[in-house]
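Welcome, and please open the model in your viewer with the backbone shown as a cartoon. We will pick out one piece at a time and then zoom out.

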Amino acid sequence: MNHLTRALAVLYPLAAAGLLRCAVISEQNGATGYGWFFVGCAVLFGLAVAHHAWHSGQLHADHARLERAARPPGPHPAALADEFAIAWHELETACCLTGWDSHGEQHDPDYCTLKDRTT
Ligand SMILES: [Zn+2]
């Protein structure tokens, strides 16, 4: 949504309210025909607001669909980088390579730094 469409989204309801005010004033002064004309114009602005909202939703959905289609297949690079960072952190904080590889089930007695705490 750019600046023009945002401005229109605000101006359409204001214009509809102004036209309804004109309809009321026309009716109070005996100009019923003009009153109904202004009501019709206000309804058109109301429809423009509804169409604007629907169109914005369509644009958003199309944008998301195109973005998904343009993405390369496979895992997202940022998610992959997170997975690598987590894996490196687990490896760096592991007591020993055997412990890291076995998820803490087994430990290498020659190199394990947590020999006294292992089960
Ligand atoms: Zn260990």
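Start by selecting residues 3-28, which form helix α1 in this predicted model. Try a distance between the C-alpha atoms at the two ends of α1: they are 38 Å apart. That agrees with expectation, because 26 residues at 1.5 Å a residue should span 38 Å.

Stay on α1 and show some side chains. Which residues of α1 are buried? They are A16, L19 and A23. An α-helix has 3.6 residues a turn, so residues three or four places apart point the same way. Now add residues 32-70 to your selection: this is α2, and the buried residues of α1 pack against α2.

Next, click on G30, just after α1. The backbone of G30 takes a positive phi of about 85°.

Time to zoom out and colour by secondary structure. How many helices and strands does the protein have? You should find 4 helices and 0 strands, and reading along the sequence gives the pattern α-α-α-α. The radius of gyration is 33 Å, well over the 14 Å that the globule rule gives for 119 residues, so the protein is more spread out than a compact globule.

Rotate the whole C-alpha trace to see its extent: along the principal axes it spans about 100 × 30 × 20 Å. If you colour by burial, 5% of the 119 residues count as buried.

For a last stop, look at contacts between residues at least 6 apart in sequence: 27% of these join residues at least 24 apart.

Methods: Residues numbered from 1 in each chain as written. Predicted model: local features only at pLDDT ≥ 70, side-chain atom pairs only at ≥ 80, totals over all residues. Expected span 1.5 Å × (residues − 1). Buried ≥ 20, exposed ≤ 12 C-beta atoms within 10 Å, placed from the backbone. Contact = placed C-beta atoms within 7 Å. Rg over C-alpha atoms; globule rule 2.2 N^0.38 Å.
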